[in-house]
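The exercises below are meant for a reader new to this structure. Each one sets a task and then works through a solution step by step.

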Amino acid sequence: ISPLLEVQAVEAADSMTYDAHDIDDALKLGLVEFDELEQLDMIKICQQQIASRGDELGEREYQRAIIHTLLDCQVTNVLEHTSTALTQFKWDSASAARQSDFRIGTVGEIAKAKKQLEVFLYERVYRHAEIVKTREIAQLQIQQLFAILVENPEIMPARFVEHAEQVGLPRSVGHYIAGMTDRFFEQQFLAHVSL
């Protein structure tokens, strides 16, 4: 049985957004060069759309236009595919939609280009030595803060200490850390671990 259509829509939106942001971040961080991206079918599709508009753009504006077009062409593809399916299938309930083989997502040329883009991101960005190193440092810091909070639960807000009575201290500490923003985590880490 398929997830609810609403869940599928969120998953599709997340996937498209992550791809675009990860490409943008990889360029800003110098993990990849723009000419590497230009070899990808998805970027070629975006370049064609931008060229058809006839915009005169500087280098950074052009890269931003690629990112916006990357999102736009995927969203357009998903909306067209989903609209056609909703008209065609005419489900009478959410259950009927879940029983079908239909999935919200990209299709056709865009789906193939998206897959190629995601393979590139995995190989060239997510496994980049700098990213792996940063991830390892972050994991170590999370483990260290976790250990400190388990040993000193009074550091946490009272509601998490109370929550620990119901779910156990390690799980409550995990919930507390999971809800932290990056900035707040860094503050807590510096205040309690690195001293």
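**Exercise 1.** In which helix is the place of Ile142? Find its surroundings as well.

*Solution.* The model used throughout is a predicted one.

Step 1. Ile142 belongs to helix H7, which covers residues 129-151.

Step 2. Its relative accessibility is 40%. Buried would require a value under 20% and exposed a value over 50%, so Ile142 is partly exposed.

Step 3. With neighbours within four places in sequence left aside, Ile142 is in contact with Ile177 and Phe185.

Step 4. Phe189 is 47 residues away from Ile142 along the chain, yet the C-alpha atoms of the two are separated by 8.3 Å.

**Exercise 2.** Describe the overall make-up and dimensions of the protein chain.

*Solution.* Step 1. Count the secondary structure elements: the protein chain has 10 helices and zero strands. Its pattern along the sequence is therefore α-α-α-α-α-α-α-α-α-α.

Step 2. Turn to the dimensions. Along the principal axes, the C-alpha trace spans about 60 × 50 × 25 Å.

Step 3. Set the radius of gyration against the globule rule. The protein chain has 22 Å, whereas a compact globule of 195 residues would have a value near 16 Å.

Step 4. Look at the surface and the interior. The exposed area is about 12,300 Å², and carbon and sulfur atoms supply 53% of this area. Of the 195 residues, 32% count as buried.

Step 5. Consider the contacts between residues at least 6 apart in sequence. Of these, 67% join residues at least 24 apart.

**Exercise 3.** Which residues of the largest nonpolar core touch the most other members, and which helices supply this core?

*Solution.* Step 1. The core has 25 residues, and those touching the most other members are Ile23, Val32, Leu37, Met42 and Leu117.

Step 2. At least two residues of this core come from each of helix H1 (5-28), helix H2 (34-37), helix H3 (41-53), H4 and H6. H6 gives the largest share, six residues.

Step 3. Take Met42 as an example. Apart from neighbours within four places in sequence, Met42 is in contact with residues including Leu70, Cys73, Ile110, Ala113 and Leu117.

Step 4. A second core, separate from this one, has 11 residues, among them Leu145, Met156, Val173 and Phe189.

**Exercise 4.** Is Gln74 buried or exposed, and what does its side chain contact?

*Solution.* Step 1. Locate the residue: Gln74 is in helix H4.

Step 2. The relative accessibility of Gln74 is 0%, so this residue counts as buried.

Step 3. The side chains of Gln74 and Lys114 make a polar contact at 3.2 Å.

Step 4. Beyond the neighbours within four places in sequence, Gln74 is in contact with Met16, Asp19, Met42, Thr106, Ile110 and Lys114.

**Exercise 5.** Work out the setting of Thr82.

*Solution.* Step 1. Thr82 is found in helix H4.

Step 2. At 13% relative accessibility, a value under 20%, Thr82 is buried.

Step 3. A polar atom of the Thr82 side chain lies 2.8 Å from the backbone oxygen of Val78.

Step 4. Leaving aside neighbours within four places in sequence, the contacts of Thr82 are Phe102 and Ile104.

**Exercise 6.** Count the aromatic pairs and classify two of them.

*Solution.* Step 1. Two rings pair if their centres lie within 6.5 Å. By this rule there are seven aromatic pairs.

Step 2. The ring centres of Trp91 and Phe102 are 5.7 Å apart and the planes are at 50 degrees, which makes the pair tilted.

Step 3. Place this pair along the chain. Trp91 is in the loop between helix H4 (59-89) and helix H5 (94-99), while Phe102 is in the loop between H5 and helix H6 (108-126); the two are 11 residues apart. Phe102 is buried, with a relative accessible area of 7%.

Step 4. For Tyr176 and Phe184 the centre-to-centre value is 6.4 Å and the planes are at 80 degrees; an angle over 60 counts as edge-to-face, so this pair is edge-to-face.

Step 5. Compare the exposure of these two partners. Tyr176 counts as buried at 7% relative accessibility, whereas Phe184 is partly exposed at 31%.

Step 6. Finally, Phe89, Trp91 and Phe102 form one aromatic cluster.

How values were computed. Residues numbered from 1 in each chain as written. Predicted model: local features only at pLDDT ≥ 70, side-chain atom pairs only at ≥ 80, totals over all residues. Heavy atoms only, no water. Phe/Tyr/Trp six-rings, centres within 6.5 Å; stacked < 30°, edge-to-face > 60°. Helix = DSSP H or I, 4+ residues; strand = E, 2+ residues; numbered from the N terminus. Buried < 20%, exposed > 50% of the residue type's maximum accessible area, 1.4 Å probe, protein only. Polar contact = N/O pair within 3.5 Å; in protein donor to acceptor, adjacent residues only side chain to side chain. Contact = heavy atoms within 4.5 Å. Rg over C-alpha atoms; globule rule 2.2 N^0.38 Å. Areas by Shrake-Rupley, 256 points an atom, 1.4 Å probe, with all protein chains shown as cover. Core = buried A, V, L, I, M, F, W, Y, C linked by side-chain atoms within 4.5 Å.
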